[in-house]
Amino acid sequence: MQVSDDWFTISFRRLAQPTPQVRRLVESLHGEMSRAELMVRLELSDVRHFRDGYIRPALERGLIEMTIPDRPSSRLQRYRLTELGIRSRDSG
């Protein structure tokens, strides 16, 4: 932030646009869904590709969240959109 007696300037870092994969995930996610449900909806079969190309980037951007964040590999784990994810989907 820059400040003088008469003015101040604040700079914000602009986030890059989500990848096409993350956009597809956000558009496909309704309510709480498991990894398997999402992979079926997205017609994906490679778990590693799904995790690295879809889930991780969406989590890092704050577009989705885990229902059991302290147990990320739980068989009961589900994913849901955050408020940011909902706004992103609705504006997209």
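# Exercises on a predicted model

With a relative accessibility of 58%, Asp90 counts as exposed. The structure used in these exercises is a predicted model.

**Exercise 1.** Find the salt-bridge partner of Asp90 and decide whether that partner is buried, partly exposed or exposed.

Solution. Begin with the side chain of Asp90, which meets the side chain of Arg89 in a salt bridge with an N to O distance of 3.5 Å. Then turn to the accessibility of Arg89, which is 27% in relative terms; since the partly exposed class covers values between 20% and 50%, Arg89 counts as partly exposed. For Asp90 the value of 58% is over the 50% limit, so Asp90 belongs to the exposed class. Elsewhere, salt bridges that share partners join Glu32, Glu65 and Arg80 into one network.

**Exercise 2.** State how many salt bridges the structure holds, and describe the one between Glu32 and Arg80.

Solution. The count for the structure is 5 salt bridges. As background, side chains of opposite charge can pair when their charged atoms come close. In the pair formed by Glu32 and Arg80, the N to O distance is 2.7 Å. Next, place the two residues: Glu32 lies in the loop between H1 and helix H2 (35-42), while Arg80 lies in strand E4 (residues 79-81), so that this pair, 48 residues apart, links distant parts of the chain. Finally, check the accessibility of each partner: Glu32 is partly exposed at 46%, and Arg80 is also partly exposed, at 27%.

**Exercise 3.** Locate the salt bridge between Arg56 and Asp52 and work out how the two residues are placed along their helix.

Solution. The closest N and O atoms of Arg56 and Asp52 are 2.9 Å apart. Both residues belong to helix H3, where they are separated by 4 residues, about one turn of the helix. With relative accessibilities of 43% for Arg56 and 36% for Asp52, each of these residues counts as partly exposed.

**Exercise 4.** Describe how helix H1 and helix H3 are arranged relative to one another, and name residues through which they meet.

Solution. Two packed helices are described by the angle between their axes and the distance between the axes. The axes of helix H1 (residues 20-28) and helix H3 (residues 47-60) come within 9 Å and cross at roughly 70°. Because angles of 65 to 115 degrees count as roughly perpendicular, H1 is roughly perpendicular to H3. On the H1 side, the residues in contact are Gln21, Val22, Arg24 and Leu25, and they meet Phe50, Gly53, Tyr54, Ile55, Pro57 and Ala58 in H3.

**Exercise 5.** Identify the residues of the nonpolar surface patch that includes Val3, and give the accessibility of Val3.

Solution. The patch consists of Val3, Phe8 and Ile10, which together have about 330 Å² of accessible area. Val3 itself is found in strand E1 (residues 2-3), and since its relative accessibility is 61%, Val3 counts as exposed.

**Exercise 6.** Examine two loop residues, Glu43 and Ile68, and say where each is placed.

Solution. Glu43 is found in the loop between H2 and H3. Its phi is positive, at about 55°, although Glu43 is not a glycine, and with a relative accessible area of 74% this residue is exposed. Ile68, in turn, has its place in the loop between strand E3 (64-66) and E4. If neighbours within four places in sequence are left aside, Ile68 is in contact with Ser74, Leu76 and Gln77. The C-alpha atoms of Ile68 and Tyr79, which are 11 residues apart along the chain, are separated by 8.7 Å.

Conventions
Residues are numbered from 1 along each chain as its sequence is written. This is a predicted model: local features need pLDDT of at least 70, side-chain atom pairs count only at pLDDT 80 or more; totals for chains, interfaces and linings use all residues. Side-chain values use heavy atoms; hydrogens and water are left out. Patches are made of residues with over 30% relative accessible area and no salt bridge: like charges are joined within 9 Å, nonpolar side chains (Val, Leu, Ile, Met, Phe, Trp, Tyr) within 5 Å. Accessible areas come from the Shrake-Rupley method with a 1.4 Å probe; for residues, only the protein chains shown count as cover. A salt bridge is a side-chain nitrogen of Lys or Arg within 4 Å of a carboxyl oxygen of Asp or Glu. Buried means under 20% relative accessible area, exposed over 50%, partly exposed in between (1.4 Å probe, protein chains only). Axes are lines fitted to C-alpha atoms, for helices over the stretch in contact, and angles run from 0 to 180 degrees between N-to-C directions. Angles under 35 degrees count as roughly parallel, over 145 as roughly antiparallel, 65 to 115 as roughly perpendicular and the rest as oblique. Contact means heavy atoms within 4.5 Å.
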